[in-house]
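Colleague: I have a few "how do you know" questions for you. Could we go through them with the model on screen?

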Amino acid sequence: MEKVKYYNRKPLPLEMHKVCIVQKTRIPTVEERVNAIRRAGFNTYRLESDDLYLDMLTDSGVNAMTNEQLGAMMIGDDCYAGSSTYKRLKNKIKEIFNKDYFLPVHQGRACEYMLALSYVKPGSIVPMNFQFGTSVNKIRYCGGDYVICIQEDGLNRQSSNPFKGDFDLVKLERILREKGDNVAFVRIEAGTNLIGGQPIALDNMLAVAELCKKYGVLSVLDASLLQDNLHFIKTRENAYSGMSIREIVRIMSDAMDIIYFSARKLGFGRGGAIILNDETEFEHIKTFVANFEGFPTFGGMSVKEMEAIRVGLDDTMDEDIIAQGPQFIEYLCTELEDAGIPVVTPPGGLGCHIDAMKFVPHIKRDEFPGGSLAAAIYIASGARGMERGGIDEPWEDPEVEPYGSMELVRLAVPRRVYTVSQMNYLIDRLCWLYDNRELIGGIKFETPAPHNFYDALNSVSDWPERLAAKFREDFGESL
Ligand code: F0G
């Protein structure tokens, strides 16, 4: 969508929907917020919904549905085998992705499990632009491993590269040439979650698919974050700016052997899908779906959700609708950058990512700058983000605490859920926090190593109480 021009105001992202149903929310007082984050072990995963004003932990399964999706849910055909709901969703997938075969599963990570069971053997490797935990865990569970092939600029937190999620094609080709027989498949993540929702260019995807064909390896597209990635292809990749979203999807899909996605993100619902053209591969994966997920016409999904996804996929082809997430994120990032707050650039999809190592440089890696900042943001605003750093990092060696390649706080922007005024409130509180950043201290695990990302931590001092006292002093009240 062309951004609307304003006569005498700064441009604002503009919602292309009207709100029909709302959910009441409240802002807990700053004292309640300190108590809640202490109770939650300084881990935002452990906060409860009632503790939150803005829940920006994730965009997964929390995107607002349309009246048309809610209406479609009522025609869900709850039939164990051969449901007409399956046929309707299969037809919609064929219309959009031009692929004949579709397997439903209960969510994105189940797609990954089914694919790993189907293709990964001990000694297999899976090259990918970047890793995502749910995917690599399944690969390892099946005895394989992954190789990251992100291009050099991908890990630069501040950059003007419009497609930081691109593959390093030279590295990928070297792996395919040297280890082709052991490559289970190449996984293409569009967009890349852990480096800040950064997109991959369509030309790069097509080049990867071409290399896969050359070396006889399956190309597998993780399309969970495709909605935002499509917007970036349309707006940042000149060769495709004149095409419709449907035309872009068609070119992409025709090049890929298998596409899977978390429908908690793509399709505004809750579920997962594996889609492909090859009947033999379909039959192969289907046996795992039938054994582990559910009969292959529902695969563990509720038929109501399947109907909602069918309608949601059409929304995903609508440029006006898919522009809103990235425009909200760009707005957040730009306002924060203008205030001097370090964010990952260029703005990507999924959410706004704050660079904790620059926000709180005084906090050492073993006191988790990202996790500490996420806790401080909650105390300052009642907004819950997610640490993306050392706490979240998988342990390779149980003796050695791992540190992530980045220490970020992700403030995810669930689609069509929050308004610009709520974003303005958040920006205001983040500016206050930045001015008081020296009050933020570190956090330490309470549990013995190796830790999980959902384990409890504790503050190294009474910094949360001191931060809350300053908040009261500055705002004169506790909201
Ligand atoms: N692939 C990508 C790129 C994802 O971001 C996710 C989930 C999955 C697969 C797994 O899908 O949750 O339906 O099982 N990302 C969520 C997040 C968890 O918050 O970023 P799922």
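Colleague: Which atom of the ligand does a polar side-chain atom of Asp222 lie by, and at what distance?

Modeller: First, please keep in mind that this is a predicted model. In it, the Asp222 side chain has a polar atom 2.6 Å from a nitrogen atom of the ligand. The cut-off for a polar contact is 3.5 Å between N or O atoms, so this pair counts as one.

Colleague: What makes Thr58 and Arg109 polar contacts of the ligand?

Modeller: The reasoning is the same. An N or O atom in the Thr58 side chain is 2.7 Å from an oxygen atom of the ligand, and for Arg109 a polar side-chain atom is 2.6 Å from a ligand oxygen. Both values are within 3.5 Å, so both pairs qualify. As for cover, the ligand on its own has 470 Å² of accessible area, and the protein covers 95% of that.

Colleague: How do the residues of the shell around the ligand divide?

Modeller: Eight are charged, seven polar and one nonpolar. Helix H4, residues 108–119, provides the largest share, with three residues.

Colleague: Why is the set of 58 residues called a nonpolar core?

Modeller: Because its members are buried nonpolar residues joined through side-chain atoms within 4.5 Å. Met56, Leu433 and Trp463 are among those with the most contacts inside this largest core. Helix H15, residues 420–435, gives the most to it, with nine residues.

Colleague: Which residues does Leu433 touch?

Modeller: Leaving out residues up to four places away in sequence, its partners include Phe359, Leu373, Ile440 and Leu467. There is also a second, separate core of 53 residues, with Tyr240 and Val303 among them.

Conventions
Residues are numbered from 1 along each chain as its sequence is written. This is a predicted model: local features need pLDDT of at least 70, side-chain atom pairs count only at pLDDT 80 or more; totals for chains, interfaces and linings use all residues. Side-chain values use heavy atoms; hydrogens and water are left out. A polar contact is a pair of N or O atoms within 3.5 Å; within protein, one must be able to donate a hydrogen and the other to accept it, and residues adjacent in sequence count only if both atoms are side-chain atoms. Accessible areas come from the Shrake-Rupley method with a 1.4 Å probe; for residues, only the protein chains shown count as cover. Helices (H or I, at least four residues) and strands (E, at least two) are DSSP runs, numbered from the N terminus. Ala, Val, Leu, Ile, Met, Phe, Trp, Tyr, Cys and Pro count as nonpolar, Asp, Glu, Lys and Arg as charged, and the others, Gly among them, as polar. Buried means under 20% relative accessible area, exposed over 50%, partly exposed in between (1.4 Å probe, protein chains only). Contact means heavy atoms within 4.5 Å.
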